[in-house]
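Reader: I should be grateful for a close look at a single part of this model, namely the chain that is written at the start. Please set out its secondary structure, its overall dimensions and its burial in one connected account, and add a word on the sheet in the other chain.

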Amino acid sequence: MQPRRLTSFNFWYFVIFTVALYLPLLLLIIFSFNDAKALVFPLQGFTTRWYGEMLRTTELVGSLWNSVLLGVASSLAATILGTMAAIGVVRYKFPGRGLFVAVAAMPLVIPYVVLAVAMLLLFSQLNIPLSLWTVGLGHVIINIPLVMLIVAARLIGMDKNLEEAAMDLGATYWSTLARVTLPIAFPAMVAAFLVSFTSSFDEFALAFFLIGPDPTLPVYIYSQLRFPSRLPIIVTMASVIMVVSVLMIVFSEYVRRWGNTPAGPRSEGAQ
Amino acid sequence: MTARTTPNGAVPAVELRNVYKTFPAGRSESEVAAVNGVNLTLPSGEFFTLLGPSGCGKTTTLRMIAGFETPTAGEIYIQGQEMSRTPPYRRPVNTVFQNYALFPHLTIEKNVAFGLNVKKVSKAEQQRRVEEALALVQLATVGQRKPTQLSGGQQQRVALARALINRPAVLLLDEPLGALDYKLRQAMQLELKALQLEVGITFVYVTHDQEEALTMSDRIAVMNQGQVLQVGTPIEIYERPTTRFVANFIGETNFLDGRVTRVNGSRCVVQVADGLEVSGSNYQPVAVGDTVTVSIRPEKIRIHESRPEPQPNLFEVAVDRVAYIGSDTQLFMTMPYGAKVRAYDQNELSTVDENYFYAAGDQAWISWRPENALVLKD
């Protein structure tokens, strides 16, 4: 089908949609450079002092560090577990496979608030003190399905004969995994890790319920909204996070596409 | 671990004894028998072909020799060792896959070296043997490239080199030329045969292409519905098929159904219609009254423009249709009592005179020698 030309309705719809979506984000960046405590127009002149103050606010930097640590650790764990689940689901037939996929993917559809309350109840029943570890556990659970779906998509596209060929050439099961399956799945695993990190980094509901004495960044930002004088610093931090997040998503998409070159040479002619 | 030997004392490269393989069929209770009691003995150094239509069990048989499938019953001996349950990585066999299955993330060199690398062969030895293997398949210059940068024919050679570098006792090839175009396929057939003679390894070759099988094989096993119907040299398979299926699957033939009325040693007379009798050769024993099929290859039928001397199996026919195909003209004819017969008239004379050729509606006589008409009991 020939692509149709944009009508003027399409064009204006697109413009309004884009403005509605990105104007708030743009305002965020503009106000982070505004030389005033109140976030109101007219602008009061250009400054970078909020960036300096942000770096001097130790609790803020501490919570940022908490979030990065939490994101890396929980995403690593989720990537390993999710990849194992993906290999199991794609390569093996076993009774209850459909049920396994459904259960593993459940966190995608359960509201995080509900999951958070449930986990809070569980931890208090078991007398487990709340900490970054409990938040991390929650983040591993919500990120496993993301990883599983991304890696499984890659494995499904991979020629099954490749693994047979490796075994035929003398590689054991584990050797085949290390030499063939995981190298081919690797770009998908990197993409899954980055998506998982982003999701952990800005997750609020689970962190809010399960956090101990050390807040994550979203929790800290929320707690600071009560103090109007802190607002410019929060806005500045939000701008930084937004730019970093966008860069990471772009990078992960790039990695995923790089990985999506055919997973097996294409044969010519009919097959 | 009993070593088995052939009558002359040599250990066969591969031996299958009463091998069965059934697969569960979806949700139903019944099972599908992919391989149904196969017995084969392959001497060392042979180019052996499993030939049959798709779904006949030839690929499943190959995959059981490779170790990708476990037989439901029966034994598989490789060089005298029972290996039906040995994992693929501990069998002295290598496979060339239909779609090549080259590792997309590795260079050609690393692909070819894969088997040696797994077995921790020294780097220097790997290097030497990779060069040797790539030279063997005439691809010495592509070592640093990735598989997707090569043509289908080149990928095929890399797959061969990757398998042969391990010096397997048996090389298994699963329709390796299926994805190549016709000209390249023909060239590769001759090359494969030459390569097999050069390396002296037993080849087990799976194909549904009879021309491929006839061109390359020392011996062919024709399979259908999970069973081996006949094993023999290409000439034996073509000239002495023992069943109607084999006669029909290999080459072209005419079938006349009838009943045996007289038997005299290896010659017999078959009544194919009321008052229409043909004489043929029964290379298997038949008895008077047996229902049989007479198979006559079209190129073995002689066509006469006018009534020739009286001779056995001489019939007057009507030419229904002709097809000029260059080297010969194919005639589609009706015998008395309605039997349809096809024969090839070789175009010995270079001419554009239409009168030289048969045309639809012509009258003609056909005959064949009794030894060319095979009487099959099926």
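Author: A residue is counted as buried if 20 or more other C-beta atoms lie within 10 Å of its own, with C-beta atoms placed from the backbone. By that criterion, 37% of the 271 residues of chain A are buried. The model is a predicted one, and the values below are computed from it.

The secondary structure of chain A consists of 11 helices and 0 strands. Read from the N terminus, its elements follow the order α-α-α-α-α-α-α-α-α-α-α.

As to dimensions, the C-alpha trace of chain A extends over about 70 × 65 × 30 Å along its principal axes. Its radius of gyration is 23 Å, whereas a compact globule of 271 residues would have a value near 18 Å. Among the contacts in chain A with a separation of 6 or more, 79% join residues that are 24 or more positions apart.

Chain B, by contrast in topic, contains an open sheet of 6 strands with mixed pairing, in the order β6-β7-β8-β3-β9-β10. Its edge strands are β6 (93-96) and β10 (227-232) of chain B, each of which pairs on one side only. On average, neighbouring strands of this sheet are turned by 20° against each other, direction ignored. At one edge, β10(B) pairs with strand β9 (residues 219-224) of chain B in the antiparallel sense over 5 bridges. Met223(B) has Val228(B) in β10(B) as its bridge partner.

Methods. Residues numbered from 1 in each chain as written. Chains lettered and ligands numbered in written order. Predicted model: local features only at pLDDT ≥ 70, side-chain atom pairs only at ≥ 80, totals over all residues. Pairing = 2+ DSSP bridges. Helix = DSSP H or I, 4+ residues; strand = E, 2+ residues; numbered from the N terminus. Axes fitted to C-alpha atoms, helices over the stretch in contact; angles between N-to-C directions. Rg over C-alpha atoms; globule rule 2.2 N^0.38 Å. Buried ≥ 20, exposed ≤ 12 C-beta atoms within 10 Å, placed from the backbone. Contact = placed C-beta atoms within 7 Å.
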